[in-house]
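Please open the structure in your viewer and keep the selection tool at hand. The tour below says what to select next and what is there.

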Amino acid sequence: MDFLAEYHIEGLVVGLLTFLIIGIYHPIVIKAEYYFGTKSWWAFLLLGIAGFAASILVTNTTLSILAGVFSFTSFWGIKEIFEQRQRVLRGWFPMNPKRKDDYISNTDVKA
C-alpha cells in the first residue's frame, strides 16, 4: 500500500476497484435471482454487514474504503434482487424453468 501512496494513485485504484466491484455484482444479482429467487436477499445482507464490519475494523484507509464500497454494493444488491424479479416477469430476462411456480404465484408486474 505504500506504493500507492508514494505514487499518488490511491484514488485511481479505489475508482477502478469500485468499478469492478459494481460490475461484478451485476451478473451475480442476475444469477442469484435465476437460481435462488428473491429469497437470496439475505445472503446480500450478510455480505453487506460483513463488509460494513470490515470497513470499520480495517486500519488501512484504502482497504477500508473498498470494504465500504463492497458493503454498500451488497446492500444495493438486495434492492436489485427484487427488481430483477420484476425484469424476469416483464420478459426482459429468462425465467428459470425449475422455479416456474415462483413466478406464477405472484405476477405483480409493475410497468
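**Stop 1: Arg99 and Asp102**

Select Asp102: in this predicted model, Asp102 is partly exposed, with a relative accessible area of 37%. Now add Arg99 to the selection. The two residues form a salt bridge, and their closest N and O atoms are 3.2 Å apart. Is Arg99 buried or exposed? Arg99 is buried, because its relative accessible area is 11% and the cut-off for buried is under 20%.

**Stop 2: Glu83 and Lys79**

Go next to helix H4, which covers residues 61–90. Select Glu83 and Lys79 there. Their side chains meet in a salt bridge, with 2.3 Å from N to O. Why are Glu83 and Lys79 separated by about one helical turn? The reason is that they are 4 residues apart in helix H4. Color the pair by accessibility if your viewer allows it. Glu83 has a relative accessible area of 29% and is partly exposed. Lys79 is partly exposed too, at 36% relative accessibility.

**Stop 3: Glu80 and Arg87**

Keep the last pair on screen and select Glu80 and Arg87 as well. These side chains also meet in a salt bridge, at 2.7 Å from N to O. Both residues of this pair, Glu80 and Arg87, are buried.

With the four residues displayed together, look at how they are connected. Lys79, Glu80, Glu83 and Arg87 are linked in a network of salt bridges. How many salt bridges does a search of the whole structure find? The search finds 6, and the pairs visited so far are described above.

**Stop 4: a nonpolar patch**

Clear the selection and turn on the surface display. Select Leu16, which lies in helix H2, residues 10–36. Then add Phe19, Leu20, Ile24 and Ile28. Together with Leu16, these residues make a nonpolar surface patch of about 500 Å².

**Stop 5: Ala5 and Phe72**

Finish at Ala5, in helix H1, which runs over residues 2–6. Ala5 counts as partly exposed because its relative accessibility is 34%, and partly exposed lies between the cut-offs of 20% and 50%. Now select Phe72 and use the distance tool between the two C-alpha atoms. How far apart are Ala5 and Phe72 in sequence and in space? They are 67 residues apart in sequence, and 25 Å apart in space from C-alpha to C-alpha.

Terms used: Residues numbered from 1 in each chain as written. Predicted model: local features only at pLDDT ≥ 70, side-chain atom pairs only at ≥ 80, totals over all residues. Heavy atoms only, no water. Patch = residues over 30% accessible without salt bridge, like charges linked within 9 Å, V, L, I, M, F, W, Y side chains within 5 Å. Areas by Shrake-Rupley, 256 points an atom, 1.4 Å probe, with all protein chains shown as cover. Helix = DSSP H or I, 4+ residues; strand = E, 2+ residues; numbered from the N terminus. Buried < 20%, exposed > 50% of the residue type's maximum accessible area, 1.4 Å probe, protein only.
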